2 protein chains.
Amino acid sequence: MKVLIVDDDKLVTASLKTILESDEDIEVVGTGNSGKEAVDLYMKLRPDILLMDIRMDEMTGIEAAETILKREGKAKILFLTTFSDDEYIVEAFRIGAKGYILKQNYESIVPTVKAVHMGQRVFGDEIITKIPALLSNSANKQGMEEYCLTEKEIEIIKHVANGLSNKEIAKALYLSEGTVRNYISVILEKLGLRDRTQLAIFYYKNM
Amino acid sequence: MKVLIVDDDKLVTASLKTILESDEDIEVVGTGNSGKEAVDLYMKLRPDILLMDIRMDEMTGIEAAETILKREGKAKILFLTTFSDDEYIVEAFRIGAKGYILKQNYESIVPTVKAVHMGQRVFGDEIITKIPALLSNSANKQGMEEYCLTEKEIEIIKHVANGLSNKEIAKALYLSEGTVRNYISVILEKLGLRDRTQLAIFYYKNM
DNA sequence: ATCAATATATGACAAATGTCACTATATTGA
DNA sequence: TCAATATAGTGACATTTGTCATATATTGAT
């Protein structure tokens with residue numbers, strides 16, 4: 001498994017390299033120190049995983065990731081940060097990063113990289129619990145309107161993700177079927193999905 | 001990480017407890033000795049992981065797991081057994097267990113529990129290779145006919161689980177839309193599901 | 001060569017789904 | 001208090017989905 005590490009602190013890249021290479025399955029194919037380098041190196045080296053700091057000068061990790069994902073939608077990008085920051089989580093989440101872990105938690109880095117390589121999406125436990133709340137509340141930054149799901153909407157999503165029909169959801173939540181249809185219509189629009197099946201998939205992948 | 005252990009052999013629960021608690025991340029919050037206890041204790045203690053024997057009197061592990069998953073769909077249940085038994089694997093797999101490991105292989109228990117806790121699904125190496133075969137071929141035991149999925153059917157399931165419409169699947173597989181509808185109809189019947197959304201959910205839970 | 005099974009397809013149909021425009025009420029925050 | 005917002009509803013509509021009966025071509029086994 002080929003990993004590219006990008007962090008503007010060279011001490012961090014160096015120690016991450018050591019940690020990761022202590023695992024025989026992992027090969028660090030390069031390190032960089034800026035968002036720009038991240039993009040260039042990613043394109044040149046085509047690693048399986050890009051492990052990148054979220055805060056860097058010039059170009060933030062988020063911007064770099066967006067650029068990369070625009071060119072290579074399947075890129076597996078994992079963010080590193082020294083603290084848990086709601087804005088960043090939502091952003092990382094929104095642009096399609098595979099995960100987000102705290103640098104502090106060094107022991108979890110190797111298993112997380114491996115899990116991502118296996119196709120998992122790994123948001124740290126302390127973070128994954130926040131995602132529904134993040135989606136429903138706050139998130140007033142630009143371009144985030146479409147992610148503000150209400151309590152009720154989340155409740156409905158859960159029912160869809162349990163395989164219930166509109167009629168069944170209506171019964172369960174004491175709403176009319178038409179109302180449920182409307183809710184789902186709004187949810188799909190907010191999340192940019194087409195139908196309830198994609199919604200269920202979204203739920204299992206991201207929530 | 002809170003773990004609940006259930007096995008009708010008290011020696012087993014005791015030794016598992018010792019093994020698991022040798023890891024500082026793991027706390028064994030309870031032990032039980034029957035399927036019934038598994039359900040009661042699970043509901044009371046809400047552990048992160050339920051590690052349960054698959055063969056027990058009164059209520060088998062499978063039944064207990066089904067009961068629990070009906071109430072708490074996100075429960076992480078990991079089965080233990082002393083031998084590798086195809087029937088059980090398929091069952092554990094079908095009802096949405098997170099994994100299945102052999103008691104023999106004591107060293108693998110801690111890492112497996114951790115991986116499951118991190119959201120992985122872990123079926124032992126000797127077992128995971130069998131799953132596609134189990135789903136597509138063989139499985140001649142009673143009540144198993146409905147699990148014989150053909151290659152094509154599996155291919156279609158994957159497309160459904162990627163959120164494609166019938167039209168899109170038809171295009172991708174060079175079939176007519178009607179044919180795709182027919183395939184899906186058959187798949188749903190075989191798996192006892194009602195619609196494509198439930199199929200996508202089934203896929204993410206079991207495949 | 002024939003028979004049975006398999007894969008693919010049609011058409012008809014009912015039900016479910018998603019969209020849209022519009023209405024009504026209650027709450028709330030300025 | 002007024003306006004905005006959240007919540008819930010209706011009806012109409014086009015589309016998609018799932019079911020079923022049926023048809024045809026291919027193929028593997030006898």
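Is B:Arg194 buried, partly exposed or exposed, and what is its relative accessible area? B:Arg194 is partly exposed, with a relative accessible area of 41%. I shall return to this residue when I come to the salt bridges. Good morning, colleagues. Please keep in mind throughout that the model under discussion is a predicted one.

Let me begin with chain A as a whole. Chain A has 207 residues, and 51% of them count as buried. Its secondary structure consists of 11 helices and six strands. Among the contacts in chain A with a separation of 6 or more, 60% are made by residues 24 or more positions apart. The area that chain A exposes is about 9800 Å², and carbon and sulfur atoms supply 49% of that area.

I turn now to the DNA, starting with strand C. There are 18 residues around DNA strand C, and those that come nearest are A:Arg181, A:Ser185, A:Arg196, B:Asn182 and B:Tyr183. By class, this surface has four nonpolar, eight polar and six charged residues. Of the strand C atoms within 4 Å of the protein, sugar or phosphate accounts for 58%, and bases make up the rest.

Three polar contacts with strand C deserve mention. The side chain of A:Asn182 places an N or O atom 2.8 Å from a base nitrogen of DNA strand C. A:Arg196 uses a polar backbone atom, which lies 2.5 Å from a phosphate oxygen of strand C. In B:Tyr183, an N or O atom of the side chain is 2.2 Å from a phosphate oxygen of strand C. The elements giving two or more residues to this surface are helix H9 (166–173) and helix H10 (177–191) of chain A, along with helix H10 (177–191) of chain B.

What, then, surrounds DNA strand D, and which residues come nearest? Here there are 19 residues, and A:Asn182, B:Arg181, B:Asn182, B:Ser185 and B:Arg196 come nearest. The surface near strand D comprises four nonpolar, nine polar and six charged residues. Sugar or phosphate supplies 58% of the strand D atoms within 4 Å of the protein, with bases supplying the rest.

A:Asn182 appears again at this strand: one of its polar side-chain atoms lies 2.8 Å from a base oxygen of DNA strand D. From chain B, a polar backbone atom of B:Asn166 is 3.2 Å from a phosphate oxygen of strand D. The side chain of B:Ser185 has an N or O atom 2.5 Å from a phosphate oxygen of strand D. At least two residues of this surface come from each of H10 of chain A, helix H9 (166–173) of chain B and H10 of chain B.

Between H9 and H10 there is a loop, and a residue in it merits attention in each chain. A:Tyr174 is found in this loop of chain A, and its phi is positive, about 55 degrees, although it is not a glycine. A:Tyr174 counts as exposed, at 76% relative accessibility. In chain B, B:Tyr174 is located in the loop between H9 and H10, with a positive phi near 55 degrees. B:Tyr174 is likewise exposed, with a relative accessible area of 76%.

By contrast, B:His159, in helix H8 (residues 151–160) of chain B, is buried, with a relative accessible area of 18%. Beyond its close sequence neighbours, B:His159 is in contact with B:Leu164, B:Ile169, B:Ala172 and B:Leu173.

Let us move to helix H2 (residues 35–45) of chain B, whose buried residues include B:Ala38, B:Leu41 and B:Tyr42. The buried residues of H2(B) pack against strand S1 (2–6), strand S2 (27–32), strand S3 (49–53) and helix H3 (61–71) of chain B. After H2(B) comes B:Arg46, with a positive phi near 50 degrees.

I close with the salt bridges, of which there are eight over all chains. A:Glu153 and A:Lys190 form one of them, at 2.8 Å from N to O. A:Glu153 is in helix H8 (residues 151–160) and A:Lys190 in helix H10 of chain A, 37 residues apart. Both of these residues are buried.

B:Arg46 pairs with B:Glu72, the closest N and O atoms being 3.1 Å apart. B:Arg46 lies in the loop between H2 and S3 and B:Glu72 in the loop between H3 and strand S4 (77–81) of chain B, so the pair ties together parts 26 residues apart in sequence. B:Arg46 is partly exposed, at 39%, and B:Glu72 is partly exposed, at 25%.

Finally, we return to B:Arg194. Its side chain meets that of B:Asp195 in a salt bridge, at 3.7 Å from N to O. B:Asp195 is partly exposed, with a relative accessible area of 21%. Together with A:Glu168, these two residues are linked in a network of salt bridges.

Terms used: Residues are numbered from 1 along each chain as its sequence is written. Chains are lettered from A and ligands numbered from 1 in the order in which they are written. This is a predicted model: local features need pLDDT of at least 70, side-chain atom pairs count only at pLDDT 80 or more; totals for chains, interfaces and linings use all residues. Side-chain values use heavy atoms; hydrogens and water are left out. Helices (H or I, at least four residues) and strands (E, at least two) are DSSP runs, numbered from the N terminus. Buried means under 20% relative accessible area, exposed over 50%, partly exposed in between (1.4 Å probe, protein chains only). Contact means heavy atoms within 4.5 Å. Accessible areas come from the Shrake-Rupley method with a 1.4 Å probe; for residues, only the protein chains shown count as cover. A residue is near a molecule or strand if one of its heavy atoms lies within 4 Å of it. A polar contact is a pair of N or O atoms within 3.5 Å; within protein, one must be able to donate a hydrogen and the other to accept it, and residues adjacent in sequence count only if both atoms are side-chain atoms. Ala, Val, Leu, Ile, Met, Phe, Trp, Tyr, Cys and Pro count as nonpolar, Asp, Glu, Lys and Arg as charged, and the others, Gly among them, as polar. A salt bridge is a side-chain nitrogen of Lys or Arg within 4 Å of a carboxyl oxygen of Asp or Glu. Lists of a residue's contacts leave out its neighbours within four places in sequence.
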